[in-house]
Amino acid sequence: MQSSKVGIMLAASSKNAGKSNGQDKVVLIPLLLACWMLFFQTHAVHAASADDLFQNARAAYNSRNLNALTDASQRLHAQQYILAPYTDYWRLLLNLSQADKQTVQAFLEQYKDAPFADRLRGEWLKILARRQDWTAFFEEYPKFQREDMAVSCYATDGHIQQGLESGVEEGKALWLTGNELPANCEAVFNRLQQGGVLREEDIWARIRLLLQGSRITVAKAVLQRLPGFDKNNLKLLDRVYQNPQQVLEKQQISFKTRLGKELNLYALERLSRGQPALALDIWEKRHVNFDVADRDYFWGRFALHAARKHDPAALTYFQRAGNAVLDKEQQEWKARAAMRAGDWKELQATIATMPESQQEEQVWQYWKARALKEQKQLVAANLILVKLSKENTYYGLLAEEEMGDVMAAQHQPYKASADEVRAALENAGIQRALALRRLEMRWESREEWRFASRDFDDKQLIAAAEVAFREGWYDIAISTADRTKLVHDFALRYPTPYRDIMQGYAADNALDEAWVYGLIRQESRFVSWAKSVAGASGLMQVMPETAKWIAKRMGMGDYKPAMINQLDTNLKFGTHYLRYTMDRMEQQPLMATAAYNAGPGRPKRWASDKPLEGAIYAETIPFSETRDYVKKVLGNSIYYSQQLGTKPQTLKERLGTVPGVGEPINPEQD
């Protein structure tokens, strides 16, 4: 071995050291250095870390180098490396199209406790479907747990080819969606249309759904399923999408055909979103060109957009929708229009028309209870509120307060024992997740963690969350602790990392620390490197342009864009901007929270012409992201207040009352 040779040379040099003259030493030193360099170079080549070897295997997979991948895989297995199974997964993926059933079945059985097994099963199902091997497909399909629309479409196609009525029903349900679907779903629709199941009226129904979502490309493809459709008319969709006002005012599209009527309806709806008064004026002149059903449809769509704009006449418009079947979004905004109008009877009636699954959502359970309570039906209201108050959510808090249990005592937290934490840490899936995180394979590490903890009971979840917290994996700690049902550890659900830094900035800006923590939990879940699709960065998700503006406002002449990713700078800028929104909204936390998410120009426009209960204001924010955001942030702040021991406030106190347009938000401070 190389190390033995080096040892002999060193020993010889030691024995002769006393006999060496100066010239010998001069010759020996370079020789020793050369030997040491040779030793360390050889060691570096032959003792590359398993992590490096695994990354090499990953690179080989990405470049489809099966030989290099196989070599790395064998070496990793020889070292019993914890992530070696991933290399088997990659090897099989590269060969899956040529694999036989026995090989795949053996792999799925061997790795049934790994998350990638079901991913591979999904790809294998697609191959079986393309082979038309429906026997093997349906033997494996019931085991498939993931949501994959392509696999669902293959299953439906298989059912249709086998003559099963369920396939027809599945296909019709797939058809009536406003979303873009995988290309293989077209085979299902082709069979349905050829079999006379997919009729012309069904085609028009899907076109409406697609146009509502402005999915023009898909709508064009669906239009071509109409018998005798002229492809030259496809450009009319682009014209309506780009300039609906011009199409309507210049009457560029005739009402004489079904296509013409549908495109004019689409133009009217698009105009309703931004220029409702003009849309209504044109409608009054053109409505005679539509039958009763189309008129009802128009009013249902117009009412939706009016409600989103907080038009006081929205409920009237909904009434004019007649027999139109309202979709989920329309029903929700009809309910919101009723609560803004203070029409509790109408709110109750609207909720009652929702599908049962929708009525059971916490939001509508709470507002149904409120509607009943406002109408003095206290027994019925309290039956709902008692059940809802047991939920550790925004609506659970509101329900608890509605019954008078203001700031009820916290549940006794459960703390995982050392043995429970050790057991979680010894779980193979947890170990793989931590190893993947160490290698910055973020998506895979999260999937491994979710899969490993999928069947954990409450105490196991808390122990696992404790492991994640100790690793500084705060977002996983939160999401894991959030899943408990009966036993909870709120310190893990609502952790307070970086408090030594954050506390000072919160104090400097006179901000409620619980509120700031509630906001950070919603913004980034304490992932310091988090970056949104829009480009916001860090714990407090500060936008690049906002960061530049803050730096200038604070006199930071040496500011560089990369600094926003630094923990200290991000917290400094985020708390400064939160203080700014608070001042702009005149100390109203609800509106300031909305401003932090949607920009300071919008929240005041969402106010009513008279004072509005904060919970109603929050529920009727037009942007679904901001609406969810403010509820989460302010709900979080209640739990953080309990964790931090800060001044107690109820959720309703935090929500406050939003003054009418033109009124000062906090007149007592004038």
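**Charge, sulfur and core contacts in a predicted model**

Q: What makes Glu401 a buried residue without a salt bridge?
A: Glu401 is buried and has no salt bridge, and the nearest side chain of opposite charge, Lys652, is 6.1 Å away. A salt bridge requires a side-chain nitrogen of Lys or Arg within 4 Å of a carboxyl oxygen of Asp or Glu, so the distance of 6.1 Å to Lys652 does not qualify. Opposite charge is assigned by counting Lys and Arg as positive and Asp and Glu as negative, with His and the chain ends not counted. Buried means under 20% relative accessible area, exposed over 50%, and partly exposed in between (1.4 Å probe, protein chains only).

This is a predicted model, in which local features need pLDDT of at least 70 and side-chain atom pairs count only at pLDDT 80 or more, whereas totals for chains, interfaces and linings use all residues. Residues are numbered from 1 along each chain as its sequence is written, and side-chain values use heavy atoms, with hydrogens and water left out.

Q: Where is Glu401, and which residues does Glu401 contact beyond its neighbours within four places in sequence?
A: Glu401 belongs to helix α25 (residues 394-402); helices are DSSP runs (H or I, at least four residues) numbered from the N terminus. Its contacts (heavy atoms within 4.5 Å) outside that sequence window are Thr650, Leu651 and Lys652. A polar atom of the Glu401 side chain lies 3.1 Å from the backbone nitrogen of Lys652.

Q: Why is the link between Cys153 and Cys185 called a disulfide?
A: A disulfide is a pair of cysteine sulfur atoms within 2.5 Å, and the S to S distance for Cys153 and Cys185 is 1.9 Å, so the pair meets the definition. The two residues are 32 residues apart, with Cys153 in helix α9 (residues 149-161) and Cys185 in helix α11 (residues 185-194). A search of the whole structure finds one disulfide.

Q: Why is the disulfide of Cys153 and Cys185 called right-handed?
A: The torsion about its S-S bond is about 90 degrees, so the disulfide is right-handed.

Q: What makes Cys153 and Cys185 buried?
A: Cys153 has a relative accessible area of 0%, and Cys185 is likewise at 0%; both therefore count as buried.

Q: How do you know that Asp419 and Arg422 form a salt bridge?
A: Their closest N and O atoms are 2.5 Å apart, so the pair satisfies the salt-bridge limit. Asp419 and Arg422 are three residues apart in helix α26 (residues 418-426), and are therefore separated by about one helical turn. Asp419 is exposed because its relative accessibility is 54%, whereas Arg422, at 44%, is partly exposed.

Q: Why is Glu513 said to tie together separate parts of the sequence with Arg499?
A: The closest N and O atoms of this salt bridge are 2.6 Å apart. Glu513 lies in helix α33 (residues 513-523) and Arg499 in helix α32 (residues 499-508), so the bridge ties together parts that are 14 residues apart in sequence. Glu513 is buried at 10% relative accessibility, and Arg499 is partly exposed at 28%.

Q: Which residues in the largest nonpolar core touch the most other members?
A: Of its 139 residues, they are Phe189, Leu223, Leu347, Trp367, Met540 and Leu655. A nonpolar core is a set of buried Ala, Val, Leu, Ile, Met, Phe, Trp, Tyr and Cys residues joined through side-chain atoms within 4.5 Å. Another core, of 43 residues, lies apart from it and includes Ala50 and Phe138.

Conventions: Polar contact = N/O pair within 3.5 Å; in protein donor to acceptor, adjacent residues only side chain to side chain.
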